[in-house]
Amino acid sequence: MRRWLGLLVAATTSVVLIALLVPMALLIRTVAENGALARATSAAESVVVAVGTPDLRQAVERVAQPVSVFLPGGQVVGGRATVSDAVRLARAGRSVTAEAPGGREVLVSVRSAEGPVVIRVFVSDAELSAGVREAWLALLLLGLALVVLGILLADRLALRVTRPVHELSRVSHRLAAGDLGARAEPGGPPEVESVGVALNHLAGRIGGLLDAERESVADLSHRLRTPLTGLRLDAEALRDPEEAARIGARVDALERAVSALITEARGRSAPKAGCDATAVVGDRVRFWAVLAEDQERAFEVELPGKPLEVAVSAADLAACVDALLGNVFAHTPEGVAFTVRLAAHERGAVLTVADEGPGFPAELLERGSSGGGSTGLGLDIARRTAQASGGEMTVSTAAVELVLGRRPASHSAVP
């Protein structure tokens, strides 16, 4: 946007300056020519008073410009000059200004007792354009300076619009990542400021709706557990023990399903949790290290020396690490070495689990299918964990790389 505004102002300013400076440049040239011709005419008139007197030659010599006086008898006083058509026209009694090789000639016709006298003053092209190039250069520099100044002003004005827009974009991404405490600082033009206020209002409304959803989920759990308890008591009251056990098992299964649904709903409604990926990954690797030693697997662990906050709960990240390491142990022979590497990433953290086995079958990327007789949920769990944090998962020949999003920093609301 800043670039387009700069180009727009540059084009507009250039058109306006061309419309103003081109006529001004032509006017400067005309003024310079008129001034030179006026000085030549003045010089010729200073010689006119000496025509017919003995002081004519001295008057011609006093004039700084080249002057030639054509007398009626054909004599020429002053500088040598050819008799041109303009001189012949001037002898007929007309004072004229005509083009001449290398400049112009100003011809003044004077009547004397012997006949017509023509006074010729030559004005060179250099005199006609004296100072014009310097004036044009000054106009060009002035135009360029005005264009640059206009671009700088347009850039400053564009910043007043683009900075609040970038801030709104950043806050919207934080809200999309689950940071419902993110708020924008309204600023900029009134229209952009109103968008910031509306975004803050929307964020507050979303937070309120999620709070209401959590309350509804909590109320639903209480509402469902009451009839389940009654159903369990009815099952226990049956006279047939086998029938009572069968119905009780069905009630238990139903209660577990209801509890799982409520837990999942609460998880979706609750604010996005976070954890220290360094601590969680280190803990799970220590857990699997015992089995690795039993199977004589060499393993390498690379963890950063500082906490890495990611937008994943500790339980979800632990389940993700367990799924990845479980795949290594399940799909590679005993004794195959593996590596667990956790490092900082521009988006948060990157977790890599690699082994020296034959590689992961492509079917493991599909939920519910497996190349080794397993359920196929391991990589799907890892993929969903990465995506839930705002990251992604990539699988190479013998490695799985998870990019985990950074846990959003707390942000105070702006009224």
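These legends describe an overview and several close-up views of one predicted model.

Local features in this predicted model need pLDDT of at least 70, side-chain atom pairs count only at pLDDT 80 or more, and totals for chains, interfaces and linings use all residues. Residues are numbered from 1 along each chain as its sequence is written, and side-chain values use heavy atoms, with hydrogens and water left out.

**View 1. The whole chain holds ten helices and twelve strands.** Helices (H or I, at least four residues) and strands (E, at least two) are DSSP runs, numbered from the N terminus. The chain has 415 residues, and 37% of them count as buried. Buried means under 20% relative accessible area, exposed means over 50%, and partly exposed lies in between (1.4 Å probe, protein chains only). About 24,000 Å² of the chain is exposed, with 59% of it supplied by carbon and sulfur atoms. Such areas come from the Shrake-Rupley method with a 1.4 Å probe; for residues, only the protein chains shown count as cover. Among contacts between residues at least 6 apart in sequence, 61% join residues at least 24 apart. A contact means heavy atoms within 4.5 Å.

**View 2. E33, E99 and R104 are linked in a network of salt bridges.** A salt bridge is a side-chain nitrogen of Lys or Arg within 4 Å of a carboxyl oxygen of Asp or Glu. The side chains of E33 and R104 meet at 3.7 Å, N to O. E33 lies in helix α1 (residues 2-48) and R104 in strand β4 (residues 103-111), so this pair ties together parts that are 71 residues apart in sequence. E99 also bridges to R104, with the closest N and O atoms 3.4 Å apart. E33 is partly exposed at 21% relative accessible area, while E99 is exposed at 59%.

**View 3. E302 forms a salt bridge with R341.** Their closest N and O atoms are 3.1 Å apart. The pair links distant parts of the chain: E302 sits in strand β7 (residues 299-302), R341 in strand β9 (residues 338-345), 39 residues apart. E302 is partly exposed, at 32% relative accessible area. R341 is partly exposed too, at 33%.

**View 4. Five strands form an open antiparallel sheet.** Their order is β2-β1-β5-β4-β3. Strands β2 (76-78) and β3 (96-100) stand at the edges with a single partner strand each, so one side of each is left without a neighbour in the sheet. Neighbouring strands are turned by 25° against each other on average, direction ignored. Five bridges pair β3 with β4. Two strands pair if DSSP finds at least two bridges between them. A100 has G103 of β4 as its bridge partner.

**View 5. Strand β12 (residues 399-405) is mostly covered.** Six of its seven residues are buried. Strand β10 (residues 348-355) pairs with β12 in the antiparallel sense over seven bridges. There, T352 has E401 as its partner. Strand β11 (residues 392-395) also runs antiparallel to β12, joined by four bridges. M393 is matched with L402 of β12. β11 and β12 form a hairpin, with three residues between them.

**View 6. Four leucines form a nonpolar patch on the surface.** They are L137, L140, L141 and L144, with about 400 Å² of accessible area together. Patches are made of residues with over 30% relative accessible area and no salt bridge; like charges are joined within 9 Å, nonpolar side chains (Val, Leu, Ile, Met, Phe, Trp, Tyr) within 5 Å. L137 belongs to helix α5 (residues 132-176). L137 counts as partly exposed, at 48% relative accessibility.

Notes. Axes are lines fitted to C-alpha atoms, for helices over the stretch in contact, and angles run from 0 to 180 degrees between N-to-C directions.
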